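I sat down with a fresh notebook page and a new structure to look through. Here is what I looked up, in the order I went.

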Amino acid sequence: DLPISLSVNPCYDFSLTVAGNNTYSICDRSSVIIPLNLENDGTTNNNYKVDVDGPSWARTDTRDFFGLRANESRLFNLVFAPNYGMNGEYEIQLSVTPELGGLKAVTDFDVQVRKCHSVDVEFNLEKSDACKGATNNYEVLVNNNGEFRKDYQLIFDGPSWVSLDVSD
C-alpha cells in the first residue's frame, strides 16, 4: 500500500463582516453608516458583486463590483439615508456573490424610518368672493407633526392689498 495524502485548499472561501446591527430605527432626513469588511479567505483571486435590494436610499459607498487577491480584504460602507417623507418599515437585503465558487453572503436589515421632520399645513378655505372695500379673514393651521421642535418662517407672496397676520 502506498500512502496517499490529499490536501483540499479553500479556493473560494470568503467572509463578510458587518460592524453594526441588523435592526435600525432612524429619522427621515438622517443617515446611518454601517462598516463592512469583505475578505477573500481563499487561495484564488476572485471578483465579487455587491447588491443592495431595498429602497434607493439604501446603498453602498463604493462600486458594486470589485476584485480581491487571495487573502486580501476590502472595507466599504452600507449607507441608509432616507429623505423627508420616507417613513415606515423597510426590509433591506445586502448580498455579495463571488464570480468563482458557489457560496453567497446574504445579510438582512430591518429599518424603521420615523417621521421626525414633518409639518402639516391646512387651509380652511373652500371658496371665496372678494368685493372692493370688503375684508375677509382666512385661517391657516400649521402643525408640527414630527418628533422634533421646529421654528417655521411664514412668507406670503401676493398683492400688496393682502396681508398675513400671525398669531399663536
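My entries follow, one topic at a time.

**Entry 1: what kind of model**
I noted at the top of the page that this is a predicted model.

**Entry 2: salt bridges**
I began with a simple question: how many salt bridges does the structure hold? I found three of them.

I looked up Lys49 and Asp51, whose side chains meet in a salt bridge at 3.4 Å, N to O. I checked how open each partner is. Lys49 counts as partly exposed, at 32% relative accessibility. Asp51 is also partly exposed, with a relative accessible area of 31%.

Next I turned to Lys49 and Asp64, and their side chains meet in a salt bridge as well, at 3.5 Å, N to O. This pair links distant parts of the chain, with the two residues 15 apart. I placed Lys49 in strand E4 (residues 46-53) and Asp64 in the loop between strand E5 (58-60) and strand E6 (65-68). For Asp64 I wrote down a relative accessible area of 40%, which makes this residue partly exposed.

The remaining entry in my salt-bridge column is Arg69 with Glu72, at 3.9 Å, N to O. Arg69 counts as exposed, at 55% relative accessibility. I have Glu72 down as partly exposed, with a relative accessible area of 22%.

Then I asked myself which residues are joined into one network by salt bridges that share partners. I wrote down Lys49, Asp51 and Asp64.

**Entry 3: a threonine in strand E5**
I stayed with strand E5 and found Thr60 there. Is Thr60 buried or exposed? I have it as buried, because its relative accessible area is 16% and the cut-off for buried is under 20%. I also looked for polar company: a polar atom of the Thr60 side chain lies 3.2 Å from the backbone oxygen of Thr62.

**Entry 4: negative charge on the surface**
I then looked for charge and found a patch of negative charge on the surface, where Glu89, Glu91, Asp108 and Asp110 gather. Which strands each supply at least two residues of this patch? I noted strand E8 (88-98) and strand E9 (105-114). I picked out Glu89, which is found in strand E8. At a relative accessible area of 61%, Glu89 is exposed.

**Entry 5: the nonpolar patch**
I looked for nonpolar surface too, and found a patch with about 1100 Å² of accessible area together. I listed its members as Val119, Val121, Phe123, Leu125, Tyr138, Val140, Val142, Tyr152, Leu154, Phe156, Leu164 and Val166. Strand E10 (119-124) and strand E11 (139-144) each supply at least two of these residues. Where does the largest share come from? I credited E10, with three residues.

I took Leu154 as one member to check, and found that residue in the segment after E11. Leu154 is partly exposed, with a relative accessible area of 45%.

**Entry 6: a span across the model**
I ended with Thr23, found in strand E2 (residues 23-27). Thr23 counts as exposed, at 54% relative accessibility. I also took the C-alpha to C-alpha span from Thr23 to Lys132 and wrote down 61 Å in space, for residues 109 apart in sequence.

Notes: Residues numbered from 1 in each chain as written. Predicted model: local features only at pLDDT ≥ 70, side-chain atom pairs only at ≥ 80, totals over all residues. Heavy atoms only, no water. Patch = residues over 30% accessible without salt bridge, like charges linked within 9 Å, V, L, I, M, F, W, Y side chains within 5 Å. Areas by Shrake-Rupley, 256 points an atom, 1.4 Å probe, with all protein chains shown as cover. Salt bridge = Lys/Arg side-chain N within 4 Å of Asp/Glu carboxyl O. Lys, Arg positive; Asp, Glu negative; His and termini not counted. Charge placed at Lys NZ, Arg CZ, Asp CG, Glu CD. Helix = DSSP H or I, 4+ residues; strand = E, 2+ residues; numbered from the N terminus. Buried < 20%, exposed > 50% of the residue type's maximum accessible area, 1.4 Å probe, protein only. Polar contact = N/O pair within 3.5 Å; in protein donor to acceptor, adjacent residues only side chain to side chain.
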